[in-house]
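Reader: I am new to looking at protein models, and I would like to learn how to read a few features, one at a time. Could you take me through them slowly?

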Amino acid sequence: MALYCAGKRHLMTAVALVMVMAIATGRELYAAAPAKSITAKDGAEMVLVPAGPFLMGSLEGDADERPPHRVYLKAYYIDKYEVTHEQYARFLKATGRKPPVDWPGGEMPAQLARHPVVNVSFEDAAAYACWAGKRLPTEAEWEKAARGTNGWTFPWGNDPGNKKTASGAEGKEKTWPVGSFPDDVSPYGCHDMAGNVWEWTSSWYEAYPGNSQRELEYGKKFKVIRGGGAIAYYQAESTRRTTDRARSVPYGTYDGLGFRCVKDL
Ligand SMILES: [Ca+2]
């Protein structure tokens, strides 16, 4: 009994010591762990994409998606939604930049306040990002945020299923208020990555490492755009696939092309 009690006392002391260490370590970890989501200067909710590798590219789809390759990225925040008309209007008011061509008399169409802004060039999008204390995502950052770390074909998994997105038949050739399609959510909580508007990235349209196919379009000519579909891009319907690559000249604008931003930690 005495031995048992002594053992128990030692055990309790050991447990207490472990608890103290755990609390101390936990506090340290807690202090170091970044928030899962933040609200940026422009009022946009941003979600955390933790540091780590992911699979970029695919053997399915077009030749420019090959070969699939592993990419390591530092942690970053990315906008949960595409940048909306009302957010862009605040940017224009603050900076005096020229409004998109589809704004009648230069005024934001009130009924589109929560729709993604479109008809913005790469330079417009980059200027907005800078104003908001952010930047445009690289193509790799966009793809990881869309498919996660399991190499998913779609933001929700590998099966297209009967998921509804702002593309194809559901897209109806018009944009939608951001976040209108609850099926279209990525593993990190990003909406509309399989639909609604195409989104600028900061990356030039180049061949992936290990892709020896020569294309005239490769080089520092076109910026990669990703994840559209509400309005067919020059008659090309969206595939909704997270690895699908499209492109635009940086000065180009389009009814179905907008953007979202990222922010470094
Ligand atoms: Ca989109």
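Author: What follows is a short conversation about a predicted model, moving from its core to a helix and then to some backbone angles.

Reader: Which residues of the largest nonpolar core touch the most other members?

Author: As a general idea, nonpolar side chains in soluble globular proteins tend to be buried together. Here the largest nonpolar core has 47 residues, among which I78 and A125 touch the most other members. Several elements, including β2, β5, α3 and β6, each supply at least two residues of this core, and α3 gives the largest share, five residues. Among the residues that I78 touches, leaving aside those up to four places away in sequence, are M46, V47, A145 and V262.

Reader: How do I read a helix such as α2, and where do its buried residues lie?

Author: One looks down the helix axis and asks where the buried residues point. In α2, which covers residues 85-95, the buried residues are H85, Q87 and Y88; they fall within an arc of 160°, so they line one face of the helix. These buried residues pack against α3, whereas the face turned away from the buried side carries the exposed residues K93 and A94.

Reader: Which residues other than glycine have a positive phi?

Author: Two cases are D192, with a phi of about 65°, and N196, with a phi near 60°. D192 lies in the loop between α5 and β6, and N196 is in the loop between α5 and β6. D192 is buried, because 32 other C-beta atoms lie within 10 Å, and 20 or more are enough to count as buried.

Definitions and conventions:
Residues are numbered from 1 along each chain as its sequence is written. This is a predicted model: local features need pLDDT of at least 70, side-chain atom pairs count only at pLDDT 80 or more; totals for chains, interfaces and linings use all residues. A nonpolar core is a set of buried Ala, Val, Leu, Ile, Met, Phe, Trp, Tyr and Cys residues joined through C-beta atoms within 7 Å. A residue is buried if 20 or more other C-beta atoms lie within 10 Å of its own, exposed if 12 or fewer, and partly exposed in between; C-beta atoms are placed from the backbone. Helices (H or I, at least four residues) and strands (E, at least two) are DSSP runs, numbered from the N terminus. Two residues are in contact if their C-beta atoms, placed from the backbone, lie within 7 Å. The arc is that of the directions from the helix axis to the C-beta atoms.
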